[in-house]
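Open the structure in your viewer and keep the sequence at hand. The stops below each give something to select and what is found there.

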Amino acid sequence: MPARLLTRRRSLPLALLVLAAALAPLVLSDFTIGLLALWLPFVMLAISLDLLWGENRIVSFGHGAFFAGGGYIAGLLLRGPQADATGVNYALLSSGNGNGSTFDSVLHTLSGIQVAGVPPLAFALPVAICGLVGLLVGMAVFRIGSVEVYAPLVTLGVGVIAATVFLKLAVIGGSNGLSGIPPYTRQLAGGSQVSIYVFNAVWLAVVYVAYAAFRRSRAGRRWRAAGDDPIRLEALGVDVRRLRALGFAASAALAGLAGALYVGASGFMSADTAGVVFSVQALIWLAVGGPGALFAPLVGVLAIELADHQLSERLQNTWQLLLGVLLIVVVLGAPRGLTGLAGSGAAAVQRLFGRAQPPGAAS
Amino acid sequence: MLVQIAAQGLSVGAVLALSALGLTIVYGVMGVVNLAHGEFVMLGAYAMTLLSPLIGPWAAIALAPLIVGAIGLVVDRALIRWLYHDPVKSMLGTFGLAIVIRQLVLIVEGPQLRYVGLPLTGAVSLGFGQTFPLWRVVLIAAAVVVGIGMAIWLARSATGLKVRTTTVDADVAQSLGMNVGRVNALAFAIGTGLAGLAGALVAPLDSVYPNMGLSYLVGAFLVVILAGLGSIRNALGWAAGVGLLTAAVAVPADDVLAQVVVWSVALAIVALRRQPLVASRV
Amino acid sequence: MTSLQPTRREVLKRAGAAAVGTTAVGSLLAACGSTGASTTTSATNAAATTGASDTIKVGVLFSLSGDLSIAETSMKNATMLAIDEINARGGIGGRKIEPVVEDYASDFSVVVQKARKLVNDDRVAATIGCYASASRKAVLPVYEQGNAVLLYPTFYEGLECSTNVIYTSLVANQHLTDTTNWMVKNAGKKIYMVGSDYVGPQTYNAIVKKLAEQQGATVIANRFFPLTQTEFGSALSDIKAAKPDLIWNTIVGAGIPAFLKQYQAAGFTPEKTPIFSGICTEQELAAVGGAAAKGHWFPASYFETTRTPDNKTFVQRYQERYGSAQPTNMPMQASYTSAYLLAAAIEKAGEATPAAILNAFPGVSAHAPGEGTVTVKPNHHTTHTVSLGRANDRALYDVVVRFAPRDPDPFPPSIVPASKIPSCPRREAS
């Protein structure tokens, strides 16, 4: 496998992608740029899932919980304590001063730590906390026999608990959700949609480069080996359980980071994001993209969200139906998703022109 | 109060048992984790609700599992058989199926909640001046009868033997001359039929609407996580356990708390276990 | 495993594919975002573009798919009915209303995006929309930062009064004060409360508790259930043991039919243990069926059974257009009335810019079918007349008591400690 990230094969499409991404703010309306800014953290979430699924055959039905959790933490730090009690609804009915005041002052201090208006804790804390919880879950899940079967079920449970708990916590707005979250770039660049887009795009690019590098590194190969042939790896002296737990923790941390970036663009986080429906939506992005391919998260998210944006208004319920059919078709016919299809498509075209493809030279 | 908790717990457990049974049979025989299970429960509820004004509630309850099982048979031949023995593939494929079934019902029937009345009103006396709804007793009885019936059928009948053999080793079954494809289809039909029965029995007490399946799926999974996939006896036992724990927290306190407690306890049990209760595939 | 050098042909093919791909993506995006030039999000709508055109754009923001669509589709229908009627009589000052309908699919993240689209992209003069409090809370920052107008046509718990929202339906003090007093006096002093576990029911229950206790009643329990819960056996067992005089119920949505059916199965009767609901309109009752619904109570500013000529016309027109099996209820009537209130405000203001409309609203009135005149107060809430209805075997409510009209107060002193009452209207902290 080539040691370089930028292969000849890749560099041209990559360059075009970067060019398109850079030109987008000049061509598209503010509203559309705002949509893109929302989708980029979705891509990051899909990458976190790909780390588990594409590389190690672990499917998580609970990553929405980490995404939402990260989003809540970042949202609180970005927004700071709610200065005015008007929005705190029925807590007003109690005559006490509210026991949230210690929490408020801690939050006030923490969110005050800023660099050019961006609180760095809004990234550090979600990553740390989600990673820690992910580690705990990972250690629990991978004690059980069949990882492939039990991981989805247990992560489903985690999602259910998380959604229920988030709904009850008044500090994050409870069932109202956390609203009024300002963007990270409010001081840097006035918080314009374009600045949010650029901010998220840069983060995504960094994560992508890191992910690609990881896949090519020795650690990455070991991670893949744990999925392909855990028994042999264990025989070679690697503690596969611990490795998987760590991998799950890393994935959870990345999902938390994605959530943190998301709230900066959406201004809002609600408890249902932690639930099954959103977690499965994330899996659909990845399934359509093709788990295991480097650009699958990007392709999957863009394909589905674009289609959703265009079609869901007109088709409403039928659109959801199509999504279900699409999932079935992808699972049956295109397990490597759109990227797989593109790859086979390109290979087919090349065969037409008489050039054989050497084995193992995958991009 | 203890009697109420026990009765309520068994009632909740009965519904869980009926759902979990179907899920566990399907996995045991063909290695498919059926995430559309809740949707088959929903189909059973709709079948009962729509048929009841036409042929009466009891006939509707009897017919619903057959209808849902027939649908299951078709679904198996069309989709499920490409997903055998592949957990990840089957989870995703059946989730797509769940979306499709749900949306079809939504489009055809609309999002409104449906109404069907109780076939049996009235209550039984539990002593101490406490009463318990008669229909819930029917639920418990149904779960027990079906559970025992399934166990006997599997143990004694010829087809049951084929199913058990296929569960243990499909290749061996095939080499012994059994038509494994037919066994799989039958198992899926039974699994979905059981789900349909659960839905039909629950419809008079519950609200019937397209999205109702999700909570039944989640409940069934809870039992299955604890019981391990593939053992009927475990499924029944753990279903009762979950039901009782839920009632024990919910009756004196709060249903929200009950949900959190039950899930946390379940995950803790799973985490602390050295190995799964039942040897599962792979 | 070395990779062969790609030929020029191969590179061109891949580049071509990438270019086609990027162009396709780009044009798809451009197509969906093509509503005029880019603008900054925080621009005020002061010199709005609505001045010169000959239609007035009004946003209509409801869930037309998903769980909440059961309630909200009819609200959107009622709004459209009113808009069509207004346009049929010539529009507002000669300009027709152009509705911009958005579906937020019961998803509170989507509602924020749709609100942004309406406010920043479509530059609507005002929006009529939202049902659940969570959706209103989610979009509040959008309307406040954009200095836009939202007409909120759903009864709600109060404890809020935004400068940018006109609350066109009941607020808790109107909905609950006289009802609670009547309830305690006529049904009994021992109250068992149930509700769905989110802010609306929680606040409603807290308010009723305070009001009831002021009347000498006791609240023996206050139970909440997850929104998707349809298994109420545990709670009903507890209620059986507690033997209350009445049940105060704020369960919403899918839980309602299940609760009422299981209540019946458990042997309760409305004569001995009546249920007074805070959130159970004719729409919810339709799913329960007359047999299980009969005998239970609900206070509202509108009932379908009201036999005034204007209500008969309203019901008739709605059912002609949307189906005769469709009940009409309070949020629908409020949505309908909101369009008329908006029209009156625009006429009073003389222009269709959000800032002018907001200034014009206090004092504006409109006729609400089956209720009477509804006026917007300086605190951005509306006056209403509340009646108490009892369900009959057709799953509709018959009016039993009609209370005197009550002014809206989102921060009633009997409930909120004086130190926490803000002045109204006010902006949320942004």
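Begin with chain C of this predicted model. Among its contacts with a separation of 6 or more, 73% are between residues 24 or more positions apart. Chain C has 430 residues, of which 60% count as buried, and its secondary structure comes to 13 helices and 14 strands.

**Stop 1: the two domains of chain C**

Colour chain C by domain: domain 1 takes in 49-170 + 308-385, and domain 2 covers 173-300. Taken over C-alpha atoms, the centres of domain 1 and domain 2 of chain C are separated by 29 Å. Now select the boundary, where 18 residues of domain 1 of chain C are in contact with 14 residues of domain 2 of chain C. On the domain 1 side, the elements giving two or more residues are α2 (69-88), α4 (133-145) and α12 (330-349) of chain C. The largest share comes from α2(C), with three residues. By class, this side of domain 1 has ten nonpolar, six polar and two charged residues.

**Stop 2: strand β8 of chain C**

Select residues 246-250 of chain C, which form β8(C). Is this strand enclosed by the rest of the structure or not? Five of its five residues are buried, so β8(C) is largely enclosed. Turn the strand to check both faces: L246(C), W248(C) and T250(C) are buried on one side, and I247(C) and N249(C) are buried on the other.

Next, show the strands that pair with it. Strand β6(C), residues 190-196, pairs with β8(C) in the parallel sense over five bridges; here M193(C) stands opposite W248(C). Strand β9(C), residues 275-277, also runs parallel to β8(C), and three bridges join the two. In that pairing, S277(C) of β9(C) is the bridge partner of N249(C). Follow the chain from β8(C) through helix α8(C), residues 255-265, to β9(C): this β-α-β crossover is right-handed.

**Stop 3: helix α8 of chain C**

Stay on the crossover helix. α8(C) is mostly covered, with eleven of its eleven residues buried. Among them are the charged-side-chain position K261(C) and the aromatic positions F259(C) and Y263(C). Just after α8(C), select G267(C), which takes a positive phi of about 95°.

**Stop 4: S207 of chain B**

Move to chain B and select S207(B), which lies in the loop between α8 and α9 (213-227) of chain B. Is S207(B) buried or exposed? There are 23 other C-beta atoms within 10 Å, and the cut-off for a buried residue is 20 or more, so S207(B) is buried. Leaving out residues up to four places away in sequence, S207(B) touches L113(B) and M212(B) in chain B. In chain C, S207(B) touches T230(C), A254(C), G255(C), P257(C), A258(C) and A287(C). Of these, G255(C), P257(C) and A258(C) are listed with the buried residues of α8(C). For a distance check, draw a line from S207(B) to L97(B): they are 110 residues apart in sequence and 22 Å apart in space, C-alpha to C-alpha.

**Stop 5: helix α5 of chain B**

Select residues 134-156 of chain B, helix α5(B). At 1.5 Å a residue, its 23 residues should span 33 Å, and the end C-alpha atoms are 32 Å apart, which agrees. The buried residues of α5(B) are W135(B), R136(B), L139(B), I140(B), A143(B), V146(B) and G147(B). Which elements cover them? From chain B, the cover includes α1 (2-30), β2 (130-133), α8 (180-202) and α10 (232-250). From chain C, it includes α7 (233-242) and α8, the helix of Stop 3.

**Stop 6: chain A against chain B**

Show chains A and B together. Here 33 residues of chain A are in contact with 36 residues of chain B. The elements giving two or more residues to the chain A side are α6 (147-168), α12 (276-289) and α14 (317-333) of chain A. α6(A) gives the most, with twelve residues. The residues on this side of chain A divide into 21 nonpolar, eight polar and four charged.

**Stop 7: strand β10 of chain C**

Return to chain C and select residues 297-300, strand β10(C). Both of its faces are covered: W297(C) and P299(C) are buried on one side, F298(C) and A300(C) on the other. Extend the selection to β13(C), residues 387-391, which runs antiparallel to β10(C) and is joined to it by four bridges. To end the tour, select A300(C) and S387(C), which stand opposite each other in this pairing.

Methods. Residues are numbered from 1 along each chain as its sequence is written. Chains are lettered from A and ligands numbered from 1 in the order in which they are written. This is a predicted model: local features need pLDDT of at least 70, side-chain atom pairs count only at pLDDT 80 or more; totals for chains, interfaces and linings use all residues. Two residues are in contact if their C-beta atoms, placed from the backbone, lie within 7 Å. A residue is buried if 20 or more other C-beta atoms lie within 10 Å of its own, exposed if 12 or fewer, and partly exposed in between; C-beta atoms are placed from the backbone. Two strands pair if DSSP finds at least two bridges between them. A crossover is right-handed if, with the strands pointing away from the viewer, the path from the first strand over the helix to the second runs clockwise. The expected span of a helix is 1.5 Å times one less than its number of residues. Domain bounds come from an automatic or database domain assignment.
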